[in-house]
Amino acid sequence: MEGMGLNMRIRRLRSRAALAVVTAAVLGAAGCDGGGGASSGAHSKSGTAAKAKPAPLWDSSPSSVAAVGDSITRGFDACTVLSDCPEVSWATGSSAEVDSLAVRLLGRTGAAERSWNYAETGARMADLPAQMTQAAARRPQLVTVMVGANDACRASASAMTSVADFRTGFEESLRTLRRALPKTQVYVASVPNLKRLWSQGRTNPLGKEIWKLGICPSMLADADALDSAATERRDTVQDRVEAYNKVLEQVCATDERCRFDGGAVYDYRFGTDQLSHWDWFHPSTNGQARLAEIAYRRVVARTPVT
């Protein structure tokens, strides 16, 4: 009996050992391991090698820059009254006082050779596709866009560019660029806060006299009027500017190589030092330098700045 009991125990041990071998083989075939899946880093769940992450689409060091837009990018009223001064442009200017985006990215010599300014004083969104065509001919790696203030700065609030037309113009502009240059990057600056510029500039008597020559009448006309009609008019213009900025953000988001500034220019609190001392509305040389700083931070960032 004692021998029989021993034989039975031996048979049970042999059976358990065989079961353990079979179980280990099954688990091994299923890709399991005793270390909690430490080997899974080399393979995906499908058993194929894990794919490397694609390289980022945004290049933070483009080798050439073209600028499109309106009077701000032309440096209007920054140097002399009612005149362009592109050498202090935030985007492509050569002035050491501004240290433009092009100079920061390319160096002073590089900026002189590989940056171009196609912005025009008075330009509106409807003018942007033609400017894009000119810029694309240079084959730049980065195009800067600042446009929209003149769409709001009309003879009256009722004459402002509609939001729908503004969207159509911007979409057409990007298509124009993409047909020629599918991989060129685009930096889009928001439209400035025109109501804040009115609030700052109206404290200067000379500036208000210049405004009477026709600078942004929808916002700046009757600068000292604070009645309900004037307040409603300015609020209407401000609402339209905010709608334009939403369009710029939304359309830019559909293009994987486009970056909107996140409203940084709109949010920037221009003070009297940053406003032209000729018209107290356009950026001064100091103001252009601040715009260059904003643009540079966003262009060189690894990820979009919000």
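**Pocket**

I started with the lining of the largest pocket in this predicted model. Helices α4 (149–152) and α6 (194–201) each supply at least two residues of that lining. I then pulled the full lining, which has 20 residues. Nearest the centre I noted Ser 71, Asn 150, Ile 215, Cys 216 and His 282. The volume came out at about 260 Å³.

**Salt bridges**

α6 came up again here, so to speak, through Lys 195. Its side chain meets that of Asp 235 in a salt bridge, 2.4 Å from N to O. Lys 195 sits in α6 and Asp 235 in α9 (residues 228–253), so I logged this as a link between distant parts of the chain, 40 residues apart. I checked the exposure of both ends: Lys 195 counts as partly exposed because its relative accessibility is 25%, and Asp 235 is also partly exposed, at 30%.

Next I looked up Arg 202 and Asp 224, whose side chains form a salt bridge at 3.7 Å, N to O. Arg 202 is in the loop between α6 and α7 (205–211), and Asp 224 is in the loop between α8 (217–220) and α9, so the pair ties together parts 22 residues apart in sequence. Arg 202 is partly exposed at 23%; Asp 224 is partly exposed at 46%.

Then a pair inside one helix: Glu 249 and Lys 246 both lie in α9, three residues apart, about one turn of the helix. Their side chains meet at 3.3 Å, N to O. Both ends are partly exposed, Glu 249 with a relative accessible area of 36% and Lys 246 with 43%. Back to Arg 202 and Asp 224 for a moment: salt bridges with shared partners join these two and Lys 208 into one network. My total for the model is 11 salt bridges.

**Strand β4**

Which strands does β4 (residues 185–188) pair with? I found four bridges to β3 (residues 142–146), running parallel, and three to β5 (residues 258–260), also parallel. Val 186 is the bridge partner of Val 143, while Val 188 has Phe 260 as its partner in β5.

Are the faces of β4 covered or open? Both are covered: Gln 185 and Tyr 187 are buried on one side, Val 186 and Val 188 on the other.

**Surface patch**

Last, I looked for nonpolar surface. Val 81, Leu 82, Leu 213 and Trp 278 make a patch of about 370 Å². Val 81 belongs to the loop between β1 (65–69) and α2 (101–114), and I have it down as partly exposed because its relative accessibility is 35%.

How values were computed:
Residues are numbered from 1 along each chain as its sequence is written. This is a predicted model: local features need pLDDT of at least 70, side-chain atom pairs count only at pLDDT 80 or more; totals for chains, interfaces and linings use all residues. Side-chain values use heavy atoms; hydrogens and water are left out. Patches are made of residues with over 30% relative accessible area and no salt bridge: like charges are joined within 9 Å, nonpolar side chains (Val, Leu, Ile, Met, Phe, Trp, Tyr) within 5 Å. Accessible areas come from the Shrake-Rupley method with a 1.4 Å probe; for residues, only the protein chains shown count as cover. A salt bridge is a side-chain nitrogen of Lys or Arg within 4 Å of a carboxyl oxygen of Asp or Glu. Buried means under 20% relative accessible area, exposed over 50%, partly exposed in between (1.4 Å probe, protein chains only). Two strands pair if DSSP finds at least two bridges between them. On a 1 Å grid over the protein atoms alone, a cavity is a set of points where a 1.4 Å probe fits but cannot get out, and a pocket is an open set with protein on both sides within 12 Å along at least five of seven lines; lining residues have an atom within 4 Å of a point. Grid points are joined across faces, edges and corners, and a volume is the space filled by probe spheres set on the points.
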